[in-house]
Amino acid sequence: MGLILGRITVETPKYEVIKSTADYEIRKYLPSVIAEVTYDPSQFKGNKDGGFTILANYIGALGNPQNQKPEKIAMTAPVITKSSEKIAMTAPVVTKSGGGNQMVTMQFILPSKYTKAEEAPKPLDERVVIREEGERKYGVVRFSGVANEQVVNEKLENLKKCLERDGYKIIGEYELGRYNPPWSLPPLRTNEVMVPVE
């Protein structure tokens, strides 16, 4: 993945820090093109990261790119996962526990050379959706270690409290961004909980 000993050596999304506090940052992200897959974790024996291989195959991270060019697409960080409703089969690595109709959407942000969805190679796997995401604003907290459910929920609850205390309106579900592969040592991993704000 190009991430040695926790050093992030791949392209990451461009953003502007609007406000920085001891508890969080407010960031404005520039528009980007994303590849995403939405799935029921039960398809992957309950593994919430089951979509990773589908996306990695699309960009060619595991060998031959599964797209119509076929063009190898550079890996970027972070991998984003978030929860989606069952009906959102075309929604955007962020994970969250939920009820029986809880889907997971995993996203790879494509390299910035792709500025429109149609510029990106077309996926051969119809589960992969390529779409454009406009400018957006998030409250973000960064942390190291393993991003398990308990840790993420603690970070999320604290972030929400701090944002609400400071007058920010939360306008959607949280996202979890993970910058390192699972074989990175936990103290060297970088993770972010991101909450969309108005």
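Me: When does a charge sit over a ring?
Reply: A charge sits over a ring if NZ of Lys or CZ of Arg is within 6 Å of the ring centre and within 35 degrees of the ring normal. Here the charged end of R27 is placed over the ring of Y15, 4.2 Å from its centre. This is a predicted model, where local features need pLDDT of at least 70, side-chain atom pairs count only at pLDDT 80 or more, and totals for chains, interfaces and linings use all residues. Residues are numbered from 1 along each chain as its sequence is written, and side-chain values use heavy atoms, with hydrogens and water left out.

Me: Is Y29 buried or exposed?
Reply: Buried means under 20% relative accessible area, exposed over 50%, and partly exposed in between (1.4 Å probe, protein chains only). Y29 has 4% relative accessibility, so Y29 counts as buried. Y138 is buried too, at 5%, whereas Y15 is partly exposed at 34%.

Me: How many aromatic pairs does the structure hold?
Reply: Rings of Phe, Tyr and Trp (its six-membered ring) pair if their centres lie within 6.5 Å; planes under 30 degrees apart count as stacked, over 60 as edge-to-face and the rest as tilted. The structure holds five such aromatic pairs. In one of them, the ring centres of Y15 and Y29 are 5.1 Å apart with planes at 50°, so the pair is tilted. For Y29 and Y138 the centres are 5.6 Å apart and the planes at 80°, so that pair is edge-to-face.

Me: Which residues do ring pairs link into a cluster?
Reply: The cluster consists of Y15, Y29 and Y138.
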